[in-house]
Structure formats: C-alpha cells, structure tokens
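The exercises below invite you to read a structure step by step. Try each task before turning to its solution.

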Amino acid sequence: MIRENASVLLEVRGLSAKIADHNILKGIDLTVRAGEVHAIMGPNGSGKSTFAKVLSGHPSYEVTGGEVLFEGRNLLELAPEERARTGLFLGFQYPIEVPGVTNSAFLRLAYNTVQGTRGVEELDPLEFDDLVREKMKLLDIDQSFLERSLNAGFSGGEKKRNEILQMALLEPKLAVLDETDSGLDIDALRVVANGINKLHSPGNGIVLVTHYQRMLNYIVPDYVHVMEGGRIIRTGDKSLALELEARGYDWVAKEAA
Amino acid sequence: MNTETPSDYLDSLLHGRDVVPETRADWLKALRAQAVERANALTVPTTRDEDWRFTDLSPLYKAAYRPSARPGEVSAADLGRFEIAEAATRLTFVDGHFAPAMSRIVPADGVLVANLPDALATHGRLVESRLGTLATTAHDAFAAVNTAFLHDGALIHVGRDRNGVAPIHLLFIATRNDGAAYPRVLVIAEPGAQCTLIEDFIGVATGGYFTDAITEIAVGENGHVAHVKLQRESQGAFHIARTSVQVARDGRYSNWSVALGARISRHNLHVMQAGEGTDFSIDGLALIGGRQLGDTSSLIDHAHAHGRSRQVHKTVVGGGAHAVFNGKILVRQGAQHTDAAQQSRNLLLSDKAHVDTKPQLEIFADDVKCAHGATVGQIEAEELFYLKSRGLSDATARNLLTYAFAAEIVERIPVKSLVERLENHVLEQTRIKS
C-alpha cells in the first residue's frame, strides 16, 4: 500500500556495479517506503538478480558508483551478515544445499542471531520448535522439513518455501525476493504467495524480482519497474505488468530509447 | 631419549621385547621369531619409498618407544567417557595390556570374544590357522614389529549364521609418555555371520608415544562385518595401523575410519576379495589441524568377478596440517563385472594446510565399471554468502559448512551414540554453538 507519510526503507541513487570487467548495473534509482510492494521485471540479463545480490552484499560484485541508504544508513559499508541483522532479507533464486546440518538447527541459529541483534530473547530448541511449527503452517510445510538437512535433496518448490519460512522467522523490514516464483507449480505458487502476503505489513516492504507476471496475480504490487541494460527504464502501476505479459519487453525499450 | 638413525630404529624398538611374556604355543613362538628375523632384514620407511613419499616419519625415529611392563592408570571418569552405550561386550587394553577389570564380556550364543592368550587356551587351532595370514610381515616393517611383540589382543569369532550380535567395542588406551603398544585384533566371521566391531584408539598421555596396531578380519561367505575405526590418540602420538580384510564369496565388509588425533598417523587399509560377488563400502574422514599429519593408504583388491566397492575419503585440514590419501583400486585379470567407485574430497581451512591425494586405478580386466575422482578446495563463496545473508558471522558460517562437510561421513556410522559424540566433537572443533 502507498502512503504519503510512510517512512523510507530503501533509497537507491545511481547504483552501478560490475562483476570482473563486466558492468552490469548502470545507474539504478529506487525508493521503497514501508508498506509498499515493488515488482522489478525485465528480460534475462537485464541485471535484476544482480541488483538483488548487490543489495545483500554478494562478494563477487563490486559497486562502482552511487549510494544505497537503508533507513538512512549507508548499506554498502555493511557486511552481508550486518545487512541481514539490520533487517534486509534476500530470498535466493537458487538456495544452497547444506547436507549434515538440520533445517531446525540452522533456522534456530539464524533466528537467534538476527532476532538477538534486535534484543529479542534467544529461544532454546523447545521454544523454537513451537514457533517454527506455527510459521510452517502458514506455508503448508510438512513437519518432516525440520529434521531434514538444510535444502539437501529438496525439490525446487520445497527450497522456495524454505526461503519464505526463513523470511517469516527473521521478520525483515525489507525482503528482496529473487525469482521466488520460478520452478513453482501453480498450487505451490499460490501457497508461497499467500504466505508472503500474510508476512507483508504496513511496517515492512517487499521487492519482488521476477521474470513473469503470474506471481503478481497473487501479490499485488504498488509499483512495477522494468529493468533493461542495468537501468530501470520504466515505472508504472500493476497494469504495467499485465501490459508486459501481453506485449513483451521490446516496446518498453523502444519507447525509452 | 636416544637419537636413532633409521637403519637401526627397528632394532631399538625390538629391544623393548623383554617385557613380552613367554608363550607355550610353539607356533606362536615361531611366528614371533620369524617376525623378529623379518624386522632385522627390513628397514623403516622413509620418504624415498614410493608408498611413504608424502609422510615423513623422521619425528618418530627420534625416540625409541618402549612398551611398559604394566598398564598405567585410567580414571573411572575417563573410562566412563569412553563408554559406548550400544556395545555390550567391551575389551579394554591399556598401554597394550589387556585390562580385565575395565572389560566386560557378555556371553552370546555362538560368539567368542576373548583376550588372545585366553583364546589360545580354548581355541588354539582356530587362532593358529588365521593369525598372521592376512597381514603378512613380508614387506611391512611395522607389521613385523607388531608381530614380534604379539601377546595381548582381541579375538572375535562369530559362528555360522550368527547375527543380531550387539556391537563389540575394543578400546585401546595409551597412558604413558614414551610408551609403545602393539595392539592386535583377529576377527573371524564364519559363513552367514554378521557383527559390528568398534575399534577405538584413545590417548590420555600428554606427550609422545607409539601405537603400532594390526587388525585382521576374515569375512566368510555371505557374512558381513561392519567395522568402525576411531583414532583419537593424543596430539603428540604416532599411530601406525594396518587393517587387512579378506572377504569370501558374496560377503560384505563396511568400514568407517575416522582420524582425529596423533601428531602423525598412518592407516594402511587392505581389503581383498577372496571370492565372487563381494560388496565393500569404505568411508574415511580425517579431521586434523595444527601440525598434524594424517595419512590413509588403501588398497581395494578386486581379485574375483562381480565385486562392488564404494569408497569415499574426506579430509578437513586446518592450521599447518597435512593430509595424505593414497587410494588404489586394483582390478585383477578375471575380475570381470567389477563395479568400483572412489572419491577423495578434501577441504582446506587455511593457506598453510596441505593435501596430497593420489587415487589410482589399475585395471587388468576388460569388462568393468570403475570411476574415481579427487577434489581439493576451500569453502565455497556462494555457500558462505547464503549463510551470511541469514545473519551468521563469517566464522560461524565457515564452521557450519566445515561441520556439514565432515558430518556427511559421520552420519553414516551405524552406531548412534558414536555419531552424536563425533558430531559434537566436530562442532567443538569448529566452535559452533547452536
């Protein structure tokens, strides 16, 4: 929801970044206020996923220009774990498998680390178990999830649900969800999208990075941005997503040129 | 301590034989005498030997370790910590001496577990027919020395078609600095018999000592021996062990070897087919740091047709430690339809950590399926970033990934309390609190 007096969560000004010698981001401007849902769309290679990774502090990318403020604080000088603790969450397109570490142990470690920074009291395994099972209901996740190794052997859909479960536990102020809809069948998409909607509140913001419009049938964006060549070339409301679905991306690039 | 040169080092070890009790068994006298002769003819290995190229034993050769006449003290608290809940029968050896007060033998139908001198009195022929036949002293100086000292040790005999036997725990404790121990184990599983053996080498001594161990395992037709070898010697110790296994037609042998301790350790593992259709599963893990050297040298010998083997060897190497893996798979002529796979995976935790891995296939049959591979690497940046993006510090994320790498092997050990204990050990080692 758009509110005039909502506080600014994220302020991106002229952000440029490269990997090795390839310039990928070429000056991005974006403002996200509390309560808003933004969708970033664009063709493959437009830089959407890179933008998500750079916000989270991925070590392979080098920021070459611009600034990023998170609640007024310079995000770019923080390590990835500090960004997570201050309330930024990245939902991975390809979550990493970690065999040998149970999901429950990992989730509790992450919960206690991130919530502990905010002064929330640490939970012991029993207390945490109650909490996590409640959150799992939200996402229709099977109880056996907890005892399995983190993402190891998970299906694509299970991994994405696990990402949103982590979001539910960490309660970020801003969640950047990178292609959370890819690899999901329509039922799983509905469950995951409903989960995200329940986690959305007037106090937090969501940035959906997606290639397809179908997720936006369930999570209605306040703003739709089109990325192309490392820049946001057009911003509109939810109707822009439908237009992109019908007409593709080429016309936007032509109009912007 | 004397300083010895390698050429007379074996001689200096053999000088410790005055503490070995006489035996009335003529064949054992002859076996020992032959071993002494062999040791006199052999020299200790140096890095000039191809098999020892990466493992420099010269720190061992600086001191003449001697077995003690009597076992040292082990506190009740220590002994309690070494308890393995699932094991009913436990034989304990302290500084090489059988310790009946710290052992318990729970009688089971068709199963004999005994200290070797006791077994000689009741099952002399059985022991005579097998002892020293699998681990021969021909080219192995340390096997010759072990055999020259042969006295206390474990005999495990599992009768035909016996199964459902609780795991048997063999506990070897070293208490004395500058001591030497020559543990010996003989396992005979008759056709159709199954058993689980846990060998546990522990040091409570604080300084240097020497363990030179031999384990011989004969698996009968259709039999299955599951074998856990846990090496957690003191940080100053030298541990050289040979495990020689022969598996008869359709038999199975599973091994999980975990090396955590010792300044220098070497495990020679030789698993051989004595008939068709055998199945070997060999898992190894070395978790070392500081100035430790951990060496595993395995030979999987497919001498008959339709053999299957799976081997995964992992090392986690921190500090200035050095891990070595020499893994040979030999497929002899006539061993058609062999299906062998071997993996060596190594994780380096520091710039000074070092791994030498040498997987080798030698194939003399033409209709076989063999695969092997080796990886040496550091923790993946992508995995690290994932965990950090969940708020975990760099150190915690690294530790968690290290733990996961090791846990993959630990989790396969079929003794639950041991899995938990080892996982805790890895957690402590990697200092994760969760």
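## Exercise 1: A helix of chain A

Just after helix α5 of chain A, A:Glu171 adopts a positive phi of about 45 degrees. This is a predicted model, and every value used in these exercises is computed.

**Task.** Compare the expected span of α5 (residues 156–170) of chain A with the distance between its end C-alpha atoms, and determine how many of its residues are buried.

**Solution.**

1. Helix α5 of chain A has 15 residues, and at 1.5 Å a residue it should span 21 Å, where the expected span is 1.5 Å times one less than the number of residues. The end C-alpha atoms of this helix are 21 Å apart, which agrees.
2. Eleven of the 15 residues of α5 of chain A are buried, so the helix is largely enclosed by the rest of the structure. Among them are A:Lys160, A:Arg161, A:Ile164, A:Met167 and A:Leu170.
3. The elements that cover these buried residues include strands β6 (88–91) and β9 (174–178) of chain A, together with helices α3 (103–117), α4 (125–138) and α6 (186–199) of chain A.

## Exercise 2: The two chains as wholes

**Task.** For chain A and then for chain B, decide how the radius of gyration stands against the globule rule.

**Solution.**

1. Chain A contains eight helices and twelve strands. Its radius of gyration is 18 Å, close to the 18 Å that the globule rule gives for 257 residues, so chain A is as compact as a globular protein of that length. Along the principal axes, the C-alpha atoms of chain A fill a box of roughly 60 × 40 × 40 Å, and 46% of the 257 residues are buried.
2. Chain B contains eight helices and 20 strands. Its radius of gyration is 21 Å, close to the 22 Å that the globule rule gives for 434 residues, so chain B too is as compact as a globular protein of that length. The C-alpha trace of chain B spans about 70 × 55 × 45 Å along its principal axes, and 52% of the 434 residues count as buried.

## Exercise 3: Domains and contact surfaces

**Task.** Describe how domain 1 of chain B meets domain 2 of chain B, and then how chain B meets chain A.

**Solution.**

1. The domain assignment of chain B gives domain 1 (6–275) and domain 2 (381–434), and the C-alpha centres of these two domains lie 31 Å apart.
2. Eleven residues of domain 1 of chain B are in contact with nine residues of domain 2 of chain B. On the domain 1 side, strands β8 (194–203), β10 (224–232) and β12 (252–259) of chain B each supply at least two residues, and the residues of that side divide into nine nonpolar, one polar and one charged.
3. The contact between the chains takes 22 residues from chain A and 19 residues from chain B. Helices α6 (381–388) and α7 of chain B each give at least two residues to the chain B side, which divides into nine nonpolar, four polar and six charged residues.

## Exercise 4: The largest nonpolar core

**Task.** Which residues touch the most other members of the largest nonpolar core, and which helix gives the most to this core?

**Solution.**

1. The core has 202 residues, of which A:Val176, B:Val187 and B:Ala406 touch the most other members.
2. Helix α7 (residues 394–410) of chain B gives the most to this core, with ten residues, and at least three residues come from each of domain 1 and domain 2 of chain B.
3. Leaving aside residues up to four places away in sequence, A:Val176 touches residues including A:Ala52, A:Phe89, A:Leu90 and A:Val209.

Key:
Residues numbered from 1 in each chain as written. Chains lettered and ligands numbered in written order. Predicted model: local features only at pLDDT ≥ 70, side-chain atom pairs only at ≥ 80, totals over all residues. Core = buried A, V, L, I, M, F, W, Y, C linked by C-beta atoms within 7 Å. Buried ≥ 20, exposed ≤ 12 C-beta atoms within 10 Å, placed from the backbone. Helix = DSSP H or I, 4+ residues; strand = E, 2+ residues; numbered from the N terminus. Domains from an automatic or database assignment. Contact = placed C-beta atoms within 7 Å. Rg over C-alpha atoms; globule rule 2.2 N^0.38 Å. Nonpolar A, V, L, I, M, F, W, Y, C, P; charged D, E, K, R; others polar.
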